[in-house]
Amino acid sequence: MIDHQSQMGFAVQSIDRTLLTNNSVALAKTAKAFNVPTILTTVAEKSFSGPLFAGVKAVFPDAKVIDRTTMNSWEDKNFREAVMKTGKKKLVMAALWTEVCLTMPALAALEEGYEVYIVTDASGGVTKEAHDMAVTRMVQAGAVPITWMQLLLEYQRDWARQSTYDATVKIALEHGGAYGVGLEYAKAMLGADAGEGKGAKK
């Protein structure tokens, strides 16, 4: 998660900023629920861009945040080392802004053979066109666009997977908008045992 900071958020126009904050926190919670190695970065935190979104920081209160000066985090030694330390070849990335701090490292990672997934609704650009053109450019280079909810449900895969079921439902309830409302309704109308992982009664 790259540069989800207050000053960067001020200029975002491609998505409602309240929704952006919601989606970013949901993405962070998804990563934590499924034990995904997560790298948090800021750019010029103390001198210009401000702290990480409080909701994101709260999910990973003890995480070391990598602060940099480079617009392209891939050019930062500490960031590159953190990525390599995970041992993963699939990267899921989100950033502010889409056209700079997401596009640059995504393209660089693709060039080095990584499989890159870009979380488009937890990223934002200074205009809708800037965001859309950046996403198009990354997709043309081989990145796979995805949304935070899609990522959450792909990780869960099966509602019978009980080890992460409660966490998945909790994230959906807290951040899933209309889907969360539907889950609340189902629980209220069908009882606490209502759930997708339960087989139909015979």
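This is a short talk on the first residue, the largest pocket and one helix pair in a predicted model.

Okay, so let's start at the beginning of the chain. Met1 sits in the segment before helix H1, which covers 6–10. Is Met1 buried or exposed? Its relative accessibility comes out at 12%, and the cut-off for buried is under 20%, so Met1 counts as buried. And what does Met1 touch, if we skip residues up to four places away in sequence? The list is Ser24, Leu27, Ala28, Ile39, Leu40, Thr41, Val56 and Ala94. As for Glu184, that residue is 183 residues away from Met1 in sequence, and the C-alpha to C-alpha distance between them is 29 Å.

Right, on to the largest pocket. We get about 640 Å³ of space in there. The lining has 23 residues, and the ones nearest the centre are Val36, Pro37, Lys90, Leu91 and Val92. Which element gives the most to that lining? That's E3, with four residues. E3 is the strand at 90–93, and helices H2 (17–33), H5 (77–86) and H8 (148–156) also supply at least two residues each. If you're thinking about chemistry, the lining splits into 18 nonpolar, two polar and three charged residues.

Last bit: H2 again, this time with helix H9, residues 162–175. Their axes are 10 Å apart, at an angle of about 175°. Anything over 145 degrees counts as roughly antiparallel, so that's what H2 and H9 are. On the H2 side, the contact uses Asn22, Val25, Ala26, Lys29, Thr30 and Ala33, and these meet Thr164, Ala167, Ile171, Glu174 and His175 of H9. By class, that contact has five nonpolar, four polar and two charged residues.

Terms used: Residues numbered from 1 in each chain as written. Predicted model: local features only at pLDDT ≥ 70, side-chain atom pairs only at ≥ 80, totals over all residues. Heavy atoms only, no water. Buried < 20%, exposed > 50% of the residue type's maximum accessible area, 1.4 Å probe, protein only. Contact = heavy atoms within 4.5 Å. 1 Å grid on protein atoms, 1.4 Å probe; cavity = no way out; pocket = protein on both sides within 12 Å on 5 of 7 lines; lining within 4 Å. Points joined across faces, edges and corners; volume = space filled by probe spheres on them. Nonpolar A, V, L, I, M, F, W, Y, C, P; charged D, E, K, R; others polar. Axes fitted to C-alpha atoms, helices over the stretch in contact; angles between N-to-C directions. Parallel < 35°, antiparallel > 145°, perpendicular 65-115°, else oblique.
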